[in-house]
Amino acid sequence: MIIALAGGVGGARLAHGLARVLPPGELTVVVNTGDDFTHLGLHISPDPDTVLYTLSELADQERGWGLKDESFHAMEALGRLGGENWFALGDKDLATHIERTRRLAAGDTLSTITADFAARLGITQHIVPMSDDPIRTIVHTDQGALPFQDYFVRLHCAPSLASLEFAGVEEATPSPALIKLMTSDEVTGIIICPSNPFLSIDPILAIPGIRPWLQGRKAPCIAISPLIGGKAVKGPAAKIMAELKLDTTPRAIAQHYHGLIDGLIIDQADSAEAFGECLVTATLMRDIADRERLAREALSYLERLRQA
Ligand code: FO1
């Protein structure tokens with residue numbers, strides 16, 4: 001079993017490559033739920049949905065989130081009535097949030113619902129929320145403390161980030177499937193996807209028990225830098241690193257995961273910055289072939305580290 005830790009778009013794309021090159025059932029994608037929130041009375045799980053839609057090949061490729069061939073009539077109608085429409089829920093996407101919210105209210109867990117949705121969308125790998133407990137990312141900025149989606153979508157990440165808080169994390173436990181994997185001999189490698197290390201991966205690492213597990217694990221663990229030539233492919237990783245007074249280099253990413261990883265994959269644009277245990281390759285995932293190639297390279301890197 002290979003475990004991939006993932007957030008939204010970048011993580012989902014590599015997870016898709018891994019899902020396609022690994023035999024069915026041999027990948028577990030552990031997904032950030034720190035971006036979850038209740039909006040218009042609905043439970044929205046953006047990162048699990050991005051992974052579900054990407055692995056089922058229903059995702060909109062340009063936006064990176066939501067469904068392809070989507071319309072936004074409900075949001076337009078909501079706007080006409082003076083309702084909140086800054087967070088764009090597509091007409092088809094709404095079905096996911098309605099059904100998830102109904103099932104949560106009926107007592108199902110996020111894990112069960114996510115697994116059911118994955119099966120119904122024809123996904124043959126495991127998709128597991130990091131926790132079934134509520135963990136909410138709060139962004140402390142020069143404009144005060146902001147709930148994650150207010151910072152990310154409503155304010156387009158414009159406020160300067162000072163620190164992050166993962167509210168509820170101290171009382172949270174990893175999801176049942178993750179707890180099982182943390183003591184399983186069947187795990188042969190762990191991959192930290194090229195997701196935002198601060199916004200998408202840190203909430204997973206903050207759950208009690210996760211860091212000690214990664215520090216003590218037998219299987220090799222690698223990360224893939226989300227930076228290409230000192231810039232993020234999508235999203236605010238580079239901006240946040242500058243605000244946190246960090247260099248936007250692979251070394252800063254490796255430092256961030258210090259003690260947790262055995263190797264780092266970095267992009268060829270950053271080859272001058274290669275150091276220590278690094279694999280240099282093309283990390284931009286433009287199409288499915290790129291996703292599969294990077295997935296294969298990550299898996300053979302893990303295999304090399306396993307035999308070292
Ligand atoms: N991102 C946006 O930039 N604007 C949106 O209106 C938006 C709506 C949205 C609806 C459902 C969903 O699952 C995701 C959505 N996202 C939107 C993406 C999401 O806010 C972020 O990409 C993640 O939370 C960060 O990984």
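**Entry 1: the largest pocket**

I began with the largest pocket, and I found 42 residues in its lining, with G8, V9, G10, F152 and K234 lying nearest its centre. I note at the outset that this is a predicted model, and I read each value below as computed from that model. I looked up the space in the largest pocket and got about 930 Å³. I then sorted the lining of the largest pocket by residue class, which gave 21 nonpolar, 14 polar and seven charged residues.

For the secondary structure around the largest pocket, I listed the elements that supply at least two lining residues each, and these are α1 (9-21), α2, α4 (93-105), α6 and α8 (197-205). Which element gives the most to this lining? I found that α2 does, with five residues.

**Entry 2: the ligand**

I next asked which space the ligand takes, and the answer was the largest pocket. Two elements give two or more residues to the shell around the ligand, namely α2 (46-55) and α6 (148-154). In that shell α6 gives the most, with four residues, whereas in the lining of the largest pocket the element that gives the most is α2.

I counted 14 residues around the ligand, and I wrote down D35, D47, F87, A88 and Q149 as those that come nearest. By class, the shell holds nine nonpolar, two polar and three charged residues.

**Entry 3: N and O atoms at the ligand**

I went through the pairs of N or O atoms between protein and ligand one at a time. For Q149, I found an N or O atom of the side chain 2.8 Å from an oxygen atom of the ligand. For A88, a backbone N or O atom is the partner, and it lies 2.9 Å from an oxygen atom of the ligand. For W65, an N or O atom of the side chain is 3.2 Å from a nitrogen atom of the ligand. I then looked up how far the ligand is covered, and I noted that the protein covers 87% of the 540 Å² of accessible area that the ligand has on its own.

**Entry 4: the second largest pocket**

I turned to the second largest pocket, for which I recorded a volume of about 210 Å³. I listed its lining as L181, M182, T183, S184, D185, V187, I190, W213, G216, R217, K218 and A219. The elements that give two or more residues to this lining are α7 (176-182) and α9 (210-216). I divided the lining of the second largest pocket by class and got six nonpolar, three polar and three charged residues.

**Entry 5: cavities**

Last, I asked how many cavities of 30 Å³ or more a search of the whole structure would find, and the search returned one. For the largest cavity I noted a volume of about 40 Å³. I looked up which residues line the largest cavity, and they are V9, R13, T54, A59, D60, Q61, G64 and R291. I had already met V9 among the residues nearest the centre of the largest pocket, and V9 also belongs to the lining of the largest cavity. The lining of the largest cavity divides into two nonpolar, three polar and three charged residues.

Definitions and conventions: Residues numbered from 1 in each chain as written. Predicted model: local features only at pLDDT ≥ 70, side-chain atom pairs only at ≥ 80, totals over all residues. Heavy atoms only, no water. Near = heavy atom within 4 Å. Polar contact = N/O pair within 3.5 Å; in protein donor to acceptor, adjacent residues only side chain to side chain. Areas by Shrake-Rupley, 256 points an atom, 1.4 Å probe, with all protein chains shown as cover. 1 Å grid on protein atoms, 1.4 Å probe; cavity = no way out; pocket = protein on both sides within 12 Å on 5 of 7 lines; lining within 4 Å. Sits in = over half its atoms within 2 Å of the grid points. Nonpolar A, V, L, I, M, F, W, Y, C, P; charged D, E, K, R; others polar. Points joined across faces, edges and corners; volume = space filled by probe spheres on them.
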